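Student: Could you take me through one part of this molecule slowly? I would like to see how a helix sits against its partners.

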Amino acid sequence: MVTTPDETVVDFWFDPVCPYSWTASRWLGEVGRRRPLQVHHHVLSLYLLNEHRTDVADDYRVNVERLRGPSRVATAVVGRSGERALGAFYQAFGQLVFDRWRHPSAEEYHLAVRSALAATGLPADLEDAMDSDGQDAALRRSHQQGVALVGSEVGTPIVRLDGVAFFGPVLNAIPRGEEAVRVFDGARLLAGYPQFFELKRTRTRPPVFT
């Protein structure tokens, strides 16, 4: 993609099943409607993030392993059709999965993947990647590319803005309109200070997608 002089380039690493990746991606979409923004999508994996952590509950570890199918499909989309197709697939998938807060079943994820592939004109056989380890090496490479920028004590999403990467922002709801731009400018300001490392508080409510 060609970048115009006034366009901001954002690299965005996400796991398709992460609700906070979705709220951040929709936030960037809001900003992009008001600022020249070019977003490059990359796949991250909650399963790989927790692969070697000893402080993760066993039930959570089993859950993220069970739900890594969509990230495998997203990786297969990149390999088959390129990064632009990944962004379109993710948007179509997310609109089905994050219509409301819930914990989708494996069957719901299969249906969402199938529907998103059809909606974006991608080959239906990409769904086969959900239950195969054939994309795992490529997924790990994409994952490690993002994590290498911020260190291992992170989650999803990872954003690189103006050449500076950080974990987050973790947004419980999607900023809209000019509020989205203000949040973007705030994130950009903090990221631009080389000694800034962390800003965090405990989440007390489930995410909101409307």
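Tutor: Happy to help; we will look at one helix and its two partners, and then at two buried residues. Please keep in mind that this is a predicted model.

Let us start with some background. Two packed helices are described by the angle between their axes and the distance between the axes.

Find helix H1, residues 19-32, and then helix H8, residues 177-191. Their axes come within 8 Å and cross at roughly 105°. Angles of 65 to 115 degrees count as roughly perpendicular, so that is the word for how H1 and H8 lie to each other. On the H1 side, the contact is made by Trp27, Leu28, Glu30 and Val31. H8 brings Gly177, Ala180, Val181, Val183, Phe184 and Ala187. Sorted by class, the residues of this contact are eight nonpolar, one polar and one charged.

Now turn to the other partner of H1, helix H5, which covers residues 83-97. Here the axes come within 11 Å, and the crossing angle is roughly 120°. That angle makes H1 oblique to H5. The crossing of these two helices is left-handed. Ser21, Trp22, Ser25 and Arg26 of H1 meet Tyr90, Gln91, Gly94 and Gln95 of H5. This contact of H1 with H5 has two nonpolar, five polar and one charged residues.

Next, let us zoom in on single residues. Ser45 sits in the loop between strand S2 (37-43) and helix H2 (46-49). Its relative accessibility is 1%, and because buried means under 20%, Ser45 counts as buried. The Ser45 side chain reaches the backbone nitrogen of Leu48 at 3.0 Å, and a polar atom of that side chain lies 3.2 Å from the backbone nitrogen of Tyr47. Leaving aside neighbours within four places in sequence, Ser45 is in contact with Asp15, Leu139 and His143.

Our last stop is Thr75, in helix H4 (residues 69-81). Thr75 is buried too, with a relative accessible area of 7%. The side chain of Thr75 reaches the backbone oxygen of Ser71 at 2.8 Å. Beyond four places in sequence, Thr75 is in contact with Val43, Gln135, Ala138 and Leu139. Leu139 is also among the contacts of Ser45. Asp15, another residue in contact with Ser45, is 60 residues from Thr75 in sequence, and their C-alpha atoms are 10 Å apart in space.

Terms used
Residues are numbered from 1 along each chain as its sequence is written. This is a predicted model: local features need pLDDT of at least 70, side-chain atom pairs count only at pLDDT 80 or more; totals for chains, interfaces and linings use all residues. Side-chain values use heavy atoms; hydrogens and water are left out. Helices (H or I, at least four residues) and strands (E, at least two) are DSSP runs, numbered from the N terminus. Buried means under 20% relative accessible area, exposed over 50%, partly exposed in between (1.4 Å probe, protein chains only). A polar contact is a pair of N or O atoms within 3.5 Å; within protein, one must be able to donate a hydrogen and the other to accept it, and residues adjacent in sequence count only if both atoms are side-chain atoms. Contact means heavy atoms within 4.5 Å. Axes are lines fitted to C-alpha atoms, for helices over the stretch in contact, and angles run from 0 to 180 degrees between N-to-C directions. Angles under 35 degrees count as roughly parallel, over 145 as roughly antiparallel, 65 to 115 as roughly perpendicular and the rest as oblique. A crossing is left-handed if the near helix is turned anticlockwise from the far one by less than a right angle, and right-handed if clockwise. Ala, Val, Leu, Ile, Met, Phe, Trp, Tyr, Cys and Pro count as nonpolar, Asp, Glu, Lys and Arg as charged, and the others, Gly among them, as polar.
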